[in-house]
Amino acid sequence: EEAYLCNLHDIGSYYPLYSGRNSIGRTEGNAVQLLSRSVSKKHAEIEIDFSRHVPKMILHDLGSSNGTFVNDVRIIGNSRNVRFGDAVRFGYDTQTYKILKDVPLPPGPNSHASPKKSRSPESMRAAGKPSATDDFDANTSMRRAWDDD
């Protein structure tokens, strides 16, 4: 099973999260790389156990300087249980992410409700290293998961 860390400011950009520990930080080698000055090199981890009926998810702040926030409340004590639908933020970056069970489809060009293209999560590209042809936003290090035609 998977969960997704979806960027609320760029619908369609997401990071897949897997069972076990998913590292979040500014440097390469993290499962989720966020290029923000307020994100530490090794900022946080989301630990996920999918073996339960309702997956157990724990967000750990790894001693970051600028904190980790769940639903706009800073984590106190370095760890907090999270669930699907929670909004998370790392440091004082304005980018907010939601932990979701399914990847949302991007909105259509003339509608706020209908998807632009009907695509399964498996057919959408996850965020990662950009190529020269990708629509890339250096502030979030995420690629768009749909075509901009």
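Which side chains along strand 11 point to one face and are buried, and which point to the other and are not? I opened my notebook with this one. Tyr97 and Ile99 share one face and are buried, while Lys98 and Leu100 point to the other face and are not buried.

**Entry 1: the whole chain**

I reminded myself that this is a predicted model. I looked up the confidence and found that the chain averages a pLDDT of 77, with 69% of the residues scoring at least 70. I marked residues 110-149 in my sketch, since pLDDT stays under 50 there. For that stretch the model has 89 contacts beyond four places in sequence.

Next I looked up the secondary structure, which comes to 0 helices and 13 strands. I then checked burial: 44% of the 149 residues count as buried. The accessible surface is about 8200 Å², and 48% of it belongs to carbon and sulfur atoms. Looking at contacts with a separation of 6 or more, I noted that 42% of them join residues 24 or more positions apart.

**Entry 2: the sheet around strand 11**

I traced an open sheet of 6 strands in the order 2-1-11-10-7-8, with antiparallel pairing. Strand 2 (14-17) and strand 8 (73-74) stand at the edges with a single partner strand each, so one side of each has no neighbour in the sheet. A reminder to myself: strands of a sheet pair through backbone hydrogen bonds, either parallel or antiparallel.

Then I went through the pairs. Strand 1 (residues 3-7) and strand 11 run antiparallel and are joined by 4 bridges. In this pair, cysteine 6 stands opposite lysine 98. Strand 10 and strand 11 pair over 2 bridges, also in the antiparallel sense, and here alanine 87 has lysine 98 as its bridge partner. I found that these two strands form a hairpin with 6 residues between them. In the turn, glycine 91 has a positive phi of about 70°. Farther along the order, strand 7 (residues 68-70) and strand 10 (residues 87-90) pair over 3 bridges, with threonine 68 opposite phenylalanine 90.

**Entry 3: threonine 96**

Is threonine 96 buried or exposed? I found it in the loop between strand 10 and strand 11 (97-100). Threonine 96 is buried, because its relative accessible area is 18% and the cut-off for buried is under 20%. Leaving aside neighbours within four places in sequence, I listed its contacts, among them Cys6, Leu8, Val88 and Arg89.

**Entry 4: salt bridges**

How many salt bridges are there? I counted 3.

Arginine 21 forms one with glutamate 45, the closest N and O atoms being 2.3 Å apart. Arginine 21 lies in strand 3 (residues 20-25) and glutamate 45 in strand 5 (residues 44-49), so the pair ties together parts 24 residues apart in sequence. Arginine 21 also forms a salt bridge with glutamate 47, at 3.5 Å between the closest N and O atoms. I drew Arg21, Glu45 and Glu47 as a network of salt bridges. I added accessibility to the drawing: arginine 21 is exposed at 52%, glutamate 45 is buried at 15%, and glutamate 47 is partly exposed at 27%.

Another salt bridge joins arginine 89 and aspartate 72, at 3.6 Å from N to O. Arginine 89 lies in strand 10 and aspartate 72 in the loop between strand 7 and strand 8, so this pair ties together parts 17 residues apart in sequence. I noted that arginine 89 is buried at 15%, whereas aspartate 72 is exposed at 64%.

Notes
Residues numbered from 1 in each chain as written. Predicted model: local features only at pLDDT ≥ 70, side-chain atom pairs only at ≥ 80, totals over all residues. Heavy atoms only, no water. Pairing = 2+ DSSP bridges. Buried < 20%, exposed > 50% of the residue type's maximum accessible area, 1.4 Å probe, protein only. Contact = heavy atoms within 4.5 Å. Areas by Shrake-Rupley, 256 points an atom, 1.4 Å probe, with all protein chains shown as cover. pLDDT = per-residue confidence, 0-100. Salt bridge = Lys/Arg side-chain N within 4 Å of Asp/Glu carboxyl O.
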